[in-house]
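This report introduces a structure to a reader who has not met it before. Please view the sequence and the model below, and then read on.

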Amino acid sequence: MAAATSGAGRCRLSKVGAGRRPPPARVRVAVRLRPFVDGTAGANDTPCVRGLDSCSLEIANWRNHQETLKYQFDAFYGERSSQQDIYAGSVQPILRHLLEGQNASVLAYGPTGAGKTHTMLGSPEQPGVIPRALMDLLQLTREEGAEGRPWTLSVTMSYLEIYQEKVLDLLDPTSGDLVIREDCRGNILIPGLTQKPITSFTDFEQHFLPASQNRTVGATRLNQRSSRSHAVLLVKVDQRERLAPFRQREGKLYLIDLAGSEDNRRTGNKGLRLKESGAINTSLFVLGKVVDALNQGLPRVPYRDSKLTRLLQDSLGGSAHSILIANIAPERCFYLDTVSALNFAARSKEVINRPFTNESLQLHVLAPVKLSQKELLGPAEAKRARGPEEEETGSPEPSAAPASASQKLSPLQKLSSMDPAMLERLLSLDRLLGSQGSQGTPLLSTPRRERMVLMKTVEEKNLEIERLKMKQKELEAKVLAQEATDPKEKENCSPITHRPLGRRTVTVAKPLKKAVVMPLQLIQEQAASPNAEIHILKKKGRKRKLESLDASEPEEKAEDCWELQISPELLAHGRQKILDLLNEGSARDLRSLQRIGQKKAQLIVGWRELHGPFSQVEDLGRVEGMSGKQMESFLKANILGLAAGQRCGPS
Ligand code: ADP
Ligand code: MG
């Protein structure tokens, strides 16, 4: 079983689940046997193929008439099966993937005259897969995009044929051979292909019916209106989220009526018809090689060897939910074609696709400079895209874009040389930066490497913001919990009025020092003498910077990472209080001082009895053997402690 190894997997940055390998979806294969049709050769034959059950069939073995060849598929539809059976059984189930932003494709394969066009298009009496799918899809998009639903939906259609290895726009037959391109996300696109918006089935018919007349058809002996080309109807479903994060999704549905594999001896083709057959056979031959390469897991899959396979790169071993309907005929004259169609179908069912959701952010910035695929290409590429015929005839340029997007957005970087997916990401990033207050446009002017660095930085910043938000929430929860458990204590002791954390301008960097509680006494003193200043030491790394604050907003500042430098008045006052305590306090009173325990308190009392009263606080150093620094910190701690004691109650 082959894993799909297409170029489609190269860069899928803006796709959902990028980085993860999308789950596989095997190409589904159904076989449809048409009934005998009046007017075809061998109409009175006995059938050479017959169904066994809803999944399998058998065909006579031409090498050994005693034996039959048996095949099993995902579904087998016999002569009596209706258009509705095929549609409901094999096609309808994959339509929902379009609304998930995934691609889907339906391919009708088989020899000419076996019923491919009947299956895909049908007739007014027996409409086929195309009208049924369009009807349902439009209905689905109307429901999903209704008012009040999260997404708005729009549908567009394109219709093309591949005729003799040329891609022709059936909605605009004047356009020449179009080029098939692949963007960096592995999406196949055709620059310059007409896209018509459709909102109803009538809209669809208005575009589709005349375009079908443009199909290159000719008469052969096998089929009066044998399709000589591969016809591809492309229906795009575009979804935009109404609310943030304003995602955007695009799902593509390919409905493909392949031309049949011709046996020139039987069709009696000559001249041009023979040439057409050759081209058709080449395409289908490459299709077979592609399927084989996918099955064998070969590193190179020859998608580019024909236009058909290049276009189907999305659909075979690519990103689509695919269903192949192999049409076969019962007549003996079809025997060899039937066997080869069944063999191809059997090989196709081994192919594994990896569908993914094609999702990105909406580009509001693109609104004034909406880029068509033509505009995204440079002039040279656009010319190439129009094909050699147009280049030769020098047909006039399509109406010029009002203003080149690249001129508007960047003087340095040509948008035309940029991959559309990359452009899309850059623009959304640009919008993001713009909304955060930075000037968005310079980003588009920066060289590629710097742009990458910027993009990475923005990504990291966003992560950091998320992390900080989480932390803030945690802190808020903690504060609330604390308030709930001990409201009284907070009321009595905390001089800081807690404001909701959300309103603070919190620096979450690790604080250098805890906030120092401002003594009430000091606040009262400052209130009494408004000119008094509190000096605060601000710590920044190792450097210290002296700043002064107006006393009118002490609480505001206390919550920051500041350390108080005690004013001389407070220091003198405090020293006196400590001295009084040293001279008059009992051992118990002395223990209320910071850093004085039971043992030290008794030592002080003993020293006082022996030497008389302390003349200054520093005398304590003689009892304790304190250094100058230790003494300084002892004083600071106790002065603040005493002041705080006064604020909170008796010490
Ligand atoms: P293809 O596109 O493969 O060349 P067509 O779809 O044109 O073949 O079918 C050939 C003929 O057979 C048409 O006249 C078509 O109406 C008829 N036909 C094909 N399939 C069926 C079917 N399932 N039931 C009735 N008629 C069918
Ligand atoms: Mg046909």
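## The surroundings of ligand 1

In the side chain of K116, an N or O atom lies 2.8 Å from an oxygen atom of ligand 1. The protein buries 75% of the 550 Å² that ligand 1 exposes when taken alone; these accessible areas come from the Shrake-Rupley method with a 1.4 Å probe. This is a predicted model, in which local features need pLDDT of at least 70 and side-chain atom pairs count only at pLDDT 80 or more, while totals for chains, interfaces and linings use all residues. Residues are numbered from 1 along each chain as its sequence is written, chains are lettered from A and ligands numbered from 1 in the order in which they are written, and side-chain values use heavy atoms, with hydrogens and water left out.

The polar contacts of ligand 1 (pairs of N or O atoms within 3.5 Å) include those tabulated here.

| Atom of ligand 1 | Partner in the protein | Distance |
|---|---|---|
| oxygen | side-chain N or O atom of K116 | 2.8 Å |
| oxygen | polar backbone atom of A114 | 3.3 Å |
| nitrogen | side-chain N or O atom of R32 | 3.5 Å |

Around ligand 1 there are 13 residues, of which G113, G115, K116, T117 and H118 come nearest; a residue is near if one of its heavy atoms lies within 4 Å. This shell comprises four nonpolar, six polar and three charged residues. Helix α2, residues 116-120, contributes the most to the shell, with three residues; helices are DSSP runs (H or I) of at least four residues, numbered from the N terminus.

## Aromatic pairs

Six aromatic pairs occur in the structure, a pair being two rings of Phe, Tyr or Trp (its six-membered ring) with centres within 6.5 Å. Y71 and F73 are stacked, because their ring centres are 6.1 Å apart and their planes meet at 10 degrees; stacked denotes planes under 30 degrees apart. Y71 is buried at 10% relative accessibility, and F73 is buried at 4%, where buried means under 20% relative accessible area.

F204 and F208 also form a stacked pair, with 4.9 Å from centre to centre and 20 degrees between the planes. These two residues stand four apart in helix α4 (residues 201-213), so about one helical turn separates F204 from F208. Both F204 and F208 are buried. Ring pairs join F204 and F208 with Y159 and F201 in a cluster.

## Cysteines

The whole structure contains zero disulfides, a disulfide being two cysteine sulfur atoms within 2.5 Å. For C333, the nearest cysteine sulfur belongs to C48, 8.5 Å away. C333 counts as partly exposed because its relative accessibility is 33%, partly exposed being the range between under 20% (buried) and over 50% (exposed).

Methods
Polar contact = N/O pair within 3.5 Å; in protein donor to acceptor, adjacent residues only side chain to side chain. Nonpolar A, V, L, I, M, F, W, Y, C, P; charged D, E, K, R; others polar. Buried < 20%, exposed > 50% of the residue type's maximum accessible area, 1.4 Å probe, protein only. Phe/Tyr/Trp six-rings, centres within 6.5 Å; stacked < 30°, edge-to-face > 60°.
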